[in-house]
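Colleague: I have a new model open and would like to walk through it with you. Could we take it one question at a time?

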Amino acid sequence: MHAPIIKIDDKHVPLYRIVWIADLPHFCGEEDCVREGYYEIRLDVDDSLWTNHHDRDRVISALNQWCGDPRDEGDLGGELDF
Ligand SMILES: [Zn+2]
């Protein structure tokens, strides 16, 4: 079994630290918002990571595999930066 650690942006994150992952990109309407269009990945330490659509999907796949979803088995070939 893979170590449950995935690279998001420039950070290696244990999957068990992830609480939830946004389904839609962030939009708050603030003019100076730097998160717009990014997907929030909420961590259990009162902090979040922000990432693009591709990496968001990559993290969801890793979580599905780690949590044992058989639909995702063999689906991750080469994409994960463990
Ligand atoms: Zn915002």
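**Reading the model**

Modeller: Happy to! Glu40 has its place in strand E4, which spans residues 39-43. Keep in mind that this is a predicted model.

Colleague: Is Glu40 buried or exposed?

Modeller: The cut-off for buried is a relative accessible area under 20%. Glu40 has a relative accessible area of 17%, so Glu40 counts as buried.

Colleague: Which residue's side chain does the side chain of Glu40 join in a polar contact of 2.6 Å?

Modeller: Setting aside neighbours within four places in sequence, Glu40 is in contact with Trp20, Ile21, Ala22, Ser48, Leu49 and Trp50. The polar contact of 2.6 Å joins the side chain of Glu40 to that of Ser48.

Colleague: Now the metal: what spacing do the donors of the zinc ion follow along the chain?

Modeller: The zinc ion is coordinated by His26 through NE2, and by Cys28 and Cys33 through SG, at 2.0 to 2.2 Å. Cys28 has a relative accessible area of 37%, so Cys28 counts as partly exposed. Along the chain, the donors follow the spacing H-x1-C-x4-C.

Colleague: On to charged pairs. How many residues apart are Asp44 and Arg17?

Modeller: Asp44 and Arg17 form a salt bridge, with their closest N and O atoms 3.1 Å apart. The pair links distant parts of the chain: Asp44 is in the loop between E4 and strand E5 (47-51), Arg17 is in the loop between strand E2 (11-14) and strand E3 (18-21), and they are 27 residues apart.

Colleague: What relative accessibility does Asp44 have?

Modeller: Its partner Arg17 is partly exposed, at a relative accessible area of 36%. Asp44 also counts as partly exposed, with a relative accessibility of 38%.

Colleague: Arg42 has a salt bridge too; which residue does its side chain meet there?

Modeller: Arg42 is partly exposed, with a relative accessible area of 23%. The partner is exposed, because Asp46 has a relative accessible area of 67%, and exposed means over 50%. The N to O distance in this salt bridge is 2.8 Å, and the residue that Arg42 meets is Asp46.

Colleague: And what is the relative accessibility of Arg56?

Modeller: Arg56 meets Asp57 in a salt bridge of 2.9 Å, N to O. Asp57 counts as partly exposed at 31% relative accessibility. Arg56 counts as buried, because its relative accessibility is 5%.

Colleague: Which residues do salt bridges with shared partners join into one network?

Modeller: The count of salt bridges comes to 7. Those that share partners make one network of Asp9, Asp10 and Lys11.

Note on methods. Residues are numbered from 1 along each chain as its sequence is written. This is a predicted model: local features need pLDDT of at least 70, side-chain atom pairs count only at pLDDT 80 or more; totals for chains, interfaces and linings use all residues. Side-chain values use heavy atoms; hydrogens and water are left out. Helices (H or I, at least four residues) and strands (E, at least two) are DSSP runs, numbered from the N terminus. Buried means under 20% relative accessible area, exposed over 50%, partly exposed in between (1.4 Å probe, protein chains only). A polar contact is a pair of N or O atoms within 3.5 Å; within protein, one must be able to donate a hydrogen and the other to accept it, and residues adjacent in sequence count only if both atoms are side-chain atoms. Contact means heavy atoms within 4.5 Å. Donors are N, O and S atoms within 2.8 Å of the metal (3.2 Å for Na, K and Ca); water is not among the atoms, so sites may look incomplete. A salt bridge is a side-chain nitrogen of Lys or Arg within 4 Å of a carboxyl oxygen of Asp or Glu.
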